[in-house]
Amino acid sequence: MKRRPRRTIPATLTALVMLAACVLVAISAIQLIIGQSPLISYRSVTDTLHRTHWNDTTILGAGVAAVLLGLVMLLAALLPGKPTVLPLTGGLDAGVTRRSLRHALQNTAASVDGVSRAQLKLGRRTIVARIRTDRTNTEGLTEAVRRALDQRLDEVTPLTRPATKIQLHATRNAP
């Protein structure tokens with residue numbers, strides 16, 4: 001179970017552009033049917049297109065922009081994003097959201113004795129924990145946080161276990 005994020009922004013933008021084009025065509029068609037002058041005149045569009053040449057800079061710029069936009073949208077559709085639900089060992093449908101796993105690990109790191117603040121970044125293959133402490137003697141604190149995070153990961157049992165990296169920042173210096 002690796003649920004991927006939905007590509008809502010590219011899909012919404014594409015749908016809005018297509019909807020706008022369809023609305024313009026429908027309005028022009030309805031105006032022609034009822035005998036009014038259309039919002040977008042077919043003759044003015046064809047006259048403008050007949051006057052332009054393929055080597056005009058506006059045509060080349062529009063073509064390059066369309067190709068780049070198409071490539072960006074194609075890459076957004078094909079490249080996988082970060083999974084929103086991480087699979088767990090055990091059942092077929094067992095999973096945990098990235099957000100809840102990050103919060104659980106952050107709370108675990110913050111609960112270690114001597115840690116004043118913990119920030120956690122959950123990457124694809126690594127967990128980076130930034131730990132702040134008010135202690136002057138930080139000996140053993142990094143190992144204690146690593147043990148607590150490893151114990152919590154043993155309880156959660158993700159299918160692929162990320163590597164743990166601890167960054168310790170002491171606010172006070174030893175005398």
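## Helix H5 and the strands around it

In strand S5, Lys-165 is the bridge partner of Val-128. That's one small link in a bigger pairing: S4 and S5 run parallel and are joined by eight bridges. Keep in mind that this is a predicted model. Let's walk through how the helix and strands fit together here.

**The strands**

- S3 pairs with S4 too, but this time in the antiparallel sense, over seven bridges.
- If you want a spot to look at, find Leu-120, whose bridge partner in S4 is Ala-129.
- S3 and S4 form a hairpin, with three residues sitting between them.

**The helix itself**

- H5 covers residues 141–156, so to speak a run of 16 residues.
- From its first C-alpha to its last, H5 reaches 23 Å, which is close to the 22 Å expected at 1.5 Å a residue.
- Right after H5 comes Thr-157, which takes a positive phi of about 55°.

**What's tucked away in H5**

- The buried residues of H5 are Leu-141, Thr-142, Ala-144, Val-145, Ala-148, Leu-149, Leu-153 and Val-156.
- An α-helix has 3.6 residues a turn, so residues three or four places apart point the same way.
- Try spotting that spacing in the buried set, which includes Leu-141, Val-145, Leu-149 and Leu-153.
- Strands S2 (95–97), S3 (115–122), S4 (126–133) and S5 (163–170) are among the elements covering these buried residues, and so is helix H4 (98–110).

**Putting it together**

- S4, H5 and S5 make up a right-handed β-α-β unit.
- Within that unit, the two strands are the parallel pair you met at the start, S4 and S5.

Technical notes:
Residues are numbered from 1 along each chain as its sequence is written. This is a predicted model: local features need pLDDT of at least 70, side-chain atom pairs count only at pLDDT 80 or more; totals for chains, interfaces and linings use all residues. Side-chain values use heavy atoms; hydrogens and water are left out. Helices (H or I, at least four residues) and strands (E, at least two) are DSSP runs, numbered from the N terminus. The expected span of a helix is 1.5 Å times one less than its number of residues. Buried means under 20% relative accessible area, exposed over 50%, partly exposed in between (1.4 Å probe, protein chains only). Contact means heavy atoms within 4.5 Å. Two strands pair if DSSP finds at least two bridges between them. A crossover is right-handed if, with the strands pointing away from the viewer, the path from the first strand over the helix to the second runs clockwise.
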